[in-house]
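Ready for a short walk through this model? Keep your selection panel open, and we will go from stop to stop.

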Amino acid sequence: MKSLEAYMSSIKKLALGTASAIAIASAGQASELRDYALDMFAALPSTVPALNDNIITPEKVDLGKALFFDPRMSASGVFSCNSCHNLSTGGDDNMPTSIGHGWQKGPRNSPTVLNAVFNEAQFWDGRAADLAEQAKGPVQAGVEMANTPANVVATLNSMPQYQDWFQASFPEEADPVTFDNFAKAIEAYEATLITPAPFDAFLNGDDNALTEQQKEGLAVFMDKGCAACHNGVNLGGNGYYPFGLIEKPGADVLPPDDRGRYQVTETADDSYVFRASPLRNIDQTAPYFHSGKVWDLEVAVAIMGTSQLGMELNEQEVDQIVAFLGSLTGKMPEVVYPILPVETLETPRPTGDVIPN
């Protein structure tokens with residue numbers, strides 16, 4: 001986490017460095033506005049990024065896709081990765097907090113899986129270093145899929161087609177059906193969920209990719225200091241910051257019992273610190289914040305102005321920023337629902353309450 005002094009210094013530098021950004025946008029000087037933007041942001045790459053210790057192959061991507069959609073990876077046989085990270089609704093579930101095993105409510109809003117490969121770490125508190133580590137968490141969480149690694153492996157081994165797919169995906173291994181490889185396959189698939197957007201086209205040189213209002217919003221976004229936290233290729237996902245740095249939101253937005261990254265580090269300075277939310281496809285993923293309490297993107301932007309920047313954004317500025325955020329909504333990769341392997345008599349049966357009381 002940045003110290004308070006470093007954080008405020010970043011905002012001041014942005015404000016000083018982009019004081020003319022609004023004037024440039026108003027004058028229609030797209031190339032100069034782009035130069036400012038390229039100091040803070042980066043366009044999505046044209047190819048799937050390489051992963052640490054996990055070579056991406058078509059076979060592994062196909063396997064990971066099957067596992068992502070397979071509800072039998074949960075103890076109840078009801079919940080899949082796609083349940084909380086629905087690829088038809090922005091890569092999340094559009095609920096305040098997700099529903100899991102036994103119809104329990106989870107503690108935090110589900111982040112989008114789209115472009116998540118570009119995040120510095122996964123989860124709101126950054127407790128998973130990468131997507132493979134993240135994939136293991138919900139499977140074992142009692143409030144989510146409530147399964148065990150041993151039961152996942154037993155389920156996979158009970159279906160010959162899954163055994164064949166794992167062998168094709170990890171051909172160098174004598175016993176490829178493992179929980180680690182389960183996670184690596186899901187990571188490989190999720191790494192392909194990249195959504196190039198008009199903002200990328202603008203960064204790559206297309207002056208007409210953004211509307212005039214979106215360009216003005218980009219200038220305001222930089223000028224006001226929003227890019228101090230929301231920068232890089234994912235416009236966030238790459239740093240930890242206190243929520244309510246200048247003015248804490250009310251308990252309905254910032255629940256006092258969720259202390260964020262403190263629950264990972266047990267360091268007092270990390271109380272109510274969260275990973276900066278990535279902003280790609282943000283207008284598709286309401287409700288907002290880790291608490292999932294704000295449904296209106298304009299309200300969320302205004303809250304960030306007062307809580308993080310210590311300023312009241314006026315209605316025009318909010319509208320301009322929201323318009324810019326719309327330029328981050330990208331084209332989804334085509335998703336064809338997979339046909340999953342058939343169960344056998346050896347496949348573990350569903351367990352737990354699957355019908356709400």
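This is a predicted model, and our tour begins at Gln161. Select Gln161: with a relative accessible area of 36%, this residue counts as partly exposed, because that label covers values between 20% and 50%. Gln161 sits in helix H8, which spans residues 160-169. Now add Pro341 to the selection. Gln161 and Pro341 are 180 residues apart in sequence, yet their C-alpha atoms are 5.7 Å apart in space.

Next, go to Asp70. Is Asp70 buried or exposed? Asp70 is buried, because its relative accessibility is 0% and the cut-off for buried is under 20%. You will find Asp70 in the loop that links helix H4 (58-69) and helix H5 (81-84). Show the neighbours of Asp70 as sticks: leaving aside residues up to four places away in sequence, Asp70 touches Phe79, Ser80, Tyr162 and Leu340.

Now for the largest nonpolar core, which has 41 residues. Select Phe41, Phe199, Phe202, Leu218, Phe221 and Leu325, the residues that touch the most other members of this core. Then colour the elements that each give two or more residues to the core: helices H3 (30-38), H10 (198-203), H11 (212-223), H13 (297-309) and H14 (315-326). Centre the view on Leu325. Which residues does Leu325 touch, not counting those up to four places away in sequence? They are Phe221, Leu279, Ile282, Leu297 and Val301. A second core of 32 residues is separate from this one, and Leu67, Ala183, Ala185 and Tyr189 are among its members.

Stay with H3 for a moment and select Ala30, Leu33, Arg34 and Ala37, the buried residues of this helix. They lie on the same side of H3, because they cover an arc of only 105° around the axis. An α-helix has 3.6 residues a turn, so residues three or four places apart point the same way.

For the last stop, show helix H6 (residues 131-140) with helix H9 (residues 179-190). Their axes are 8 Å apart and the helices pack at an angle of about 115°, with H6 passing H9 in a right-handed crossing. On the H6 side, select Leu131, Ala132, Gln134, Ala135, Lys136, Val139 and Gln140. On the H9 side, the contact is made by Phe179, Asp180, Phe182, Ala183, Lys184, Ile186, Glu187 and Glu190. Colour this contact by residue type and you will have eight nonpolar, two polar and five charged residues.

Terms used. Residues numbered from 1 in each chain as written. Predicted model: local features only at pLDDT ≥ 70, side-chain atom pairs only at ≥ 80, totals over all residues. Heavy atoms only, no water. Core = buried A, V, L, I, M, F, W, Y, C linked by side-chain atoms within 4.5 Å. Buried < 20%, exposed > 50% of the residue type's maximum accessible area, 1.4 Å probe, protein only. Helix = DSSP H or I, 4+ residues; strand = E, 2+ residues; numbered from the N terminus. Contact = heavy atoms within 4.5 Å. Axes fitted to C-alpha atoms, helices over the stretch in contact; angles between N-to-C directions. Left-handed = near helix turned anticlockwise from the far one by under 90°. Nonpolar A, V, L, I, M, F, W, Y, C, P; charged D, E, K, R; others polar. Arc of directions from axis to C-beta.
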